[in-house]
Amino acid sequence: MNISTQKRHLLNQAVHGFIQRHPEYTVTAVELDIAEALHVSQASVQKWRAGYPIAASHIPALAKWAVQNAGMSRAWLRAFLQACEYADSDLEEFFFASPFAPNLGAACRVAHLRFWGYERMGTAFLHFPRPGLVALLHHFLLSNRPGLILLSPSGMGKTDFSLWLARQQMVRQHFVLACPAALLDGSRPLPETLKSLLFPDHSPALLEDVLTWPLLFVLDGVNESPDMVRLTWQVDRALVYANGLKVLLTFRPESFQIIRQALSLTEHLYYTDPQATTDVLLRDPPAFRLLPFSPDELSQVYEMYSRVYSLRTPFYALPPAIRESLRHPLTLRLVAEAWADRVLPETVETDQLMHTLLNTFYRQGRLSHTDLRFLEERLLSRMVAPGRWRNAIPMNEVLAAGGAEEITGLLPIHHPFTRLADVGLLASTNGRLNEPIRFAHEHFYEHFAWRQLARLRESASDPAAFYAELADVPWFLYVPLRRLVA
């Protein structure tokens, strides 16, 4: 291939790379975009695509357009400069240097402690890195797709996986920033959001480079965002221009269906390699669904939990019914905590599990009946209240209702909220009073909300009027409401 042919081939690659990112563009429209970016005529661009010489003064601007707008790689740029016989080798380093890389690791570590706290970050050691899921992540990071969507029902380990990634600090030469989506509402563009999370004291001029940083941004539980549709839209819009940044979004399946109906996602930006489908993952373009533990995975993770919780039932002795239940990651963890140092039962029902778990905490002195009364009388009575249905509540509102408690500083170590967070029922705020109180897991909320609804029904003077008030409950009360009606 001679120099002219190679140059024509490389330039055409950049044109089609741009069209992949912008399917709505025609080749003619792309030529016009290049012409406007370089302040030349469209006829000049057409000649360059045919192999005609390119003036040296236009090569830097043309290379910048190809790298930043068409997503062309370092290898492409090197080949293009050689084909144009352009001698300035510093151009490659200029486009692909990452001046913030030395600081990204430290910034991510500081951000993680701010998002999750020491205690939550410490629990990540119990996560079992599922080989199929880790392989999917590695294939995604090596691909030319900037986005990956992971779906799973509540309790399947999305947050544990995010925390495990945060502890890795770096995966496949990408720094990791794992952020709870509950903290974001999508009111700002993604570059501005990333800059504020990592470098809040830097100049806004840095925003131009955010999408080129070697960063894996994990948005955990997008369904928990105050405005998940707007947040997803901001991410989808930014991915069009990402050239280095990778974004992993996790959803509950029912929430992602809402996204599908509300937005037209740019599907070609998301990794959907069919070869990644395994007994761990189900391909559901443009997303992957995380499945329960496979039999092989269950045996490995059960052995890990057996060592930590001193379970007295070996894996081979587990009855088939309970073995099937333990394939759900949250169920396995709760069963291990509830029956620590004991033999597991033949079967485990949800009510039995929660009852045993609470009794275990009472027996170990980690929880008292006073703590449970605080949970039901001070929290649930305000969360599950007709006309004010909530799954999170401001800390100050709860403490103010107590009358005698001070609303300044940090919570004392023996406060009921602190103890409920220590055993994992409530999400820890590390004592910060400006954060809302929420359950650590939706299953916990659903169990206690069902009990609160049952109490409200028993005390209602008019059952018909009581059920009429439940007609407009939000989505997070659907499970306890169905159980109440049944």
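In this predicted model, Arg451 and Glu376 make a salt bridge, with their closest N and O atoms 2.9 Å apart. What does this pair link? It joins distant parts of the chain: Arg451 sits in helix α20 (residues 442-459) and Glu376 in helix α17 (residues 369-383), 75 residues apart. The two partners don't get the same label for accessibility. Arg451 has a relative accessible area of 26%, so it is partly exposed, while Glu376 comes out at 15% and counts as buried, because the cut-off for buried is under 20%.

A quick word on the chemistry helps here. Side chains of opposite charge can pair when their charged atoms come close. That is the idea to keep in mind for the other pairs below.

How many salt bridges are there? The count comes to twelve. One of them pairs Arg260 with Asp284, and here the closest N and O atoms are 3.4 Å apart. Arg260 belongs to helix α12 (residues 253-262) and Asp284 to strand β6 (residues 281-284), so this salt bridge ties together parts that lie 24 residues apart in sequence. Arg260 is partly exposed, with 28% relative accessibility. Asp284, on the other hand, has 18% and counts as buried. This pair also has company: salt bridges with shared partners connect Arg260, Asp284 and Arg289 into one network.

Next comes a pair within a helix. Arg333 and Glu337 form a salt bridge, and their closest N and O atoms are 3.0 Å apart. Where do these two residues lie? Both are in helix α15 (residues 329-338), four residues apart, or about one turn of the helix. As for accessibility, Arg333 is partly exposed at 22%, and Glu337 is buried at 11%. The 20% cut-off for buried falls between these two values, so the partners end up with separate labels.

What about disulfides? A disulfide is a covalent bond between the sulfur atoms of two cysteines. A search of the whole structure turns up zero of them. Cysteines are still part of the picture, though, including Cys84 and Cys179. Are these two buried or exposed? Cys84 is buried, with a relative accessible area of 14%, and Cys179 is buried too, with a value of 0%. Both values are under 20%, so both residues meet the cut-off for buried.

Taken together, the model has twelve salt bridges and zero disulfides.

Key
Residues numbered from 1 in each chain as written. Predicted model: local features only at pLDDT ≥ 70, side-chain atom pairs only at ≥ 80, totals over all residues. Heavy atoms only, no water. Salt bridge = Lys/Arg side-chain N within 4 Å of Asp/Glu carboxyl O. Helix = DSSP H or I, 4+ residues; strand = E, 2+ residues; numbered from the N terminus. Buried < 20%, exposed > 50% of the residue type's maximum accessible area, 1.4 Å probe, protein only. Disulfide = S-S within 2.5 Å.
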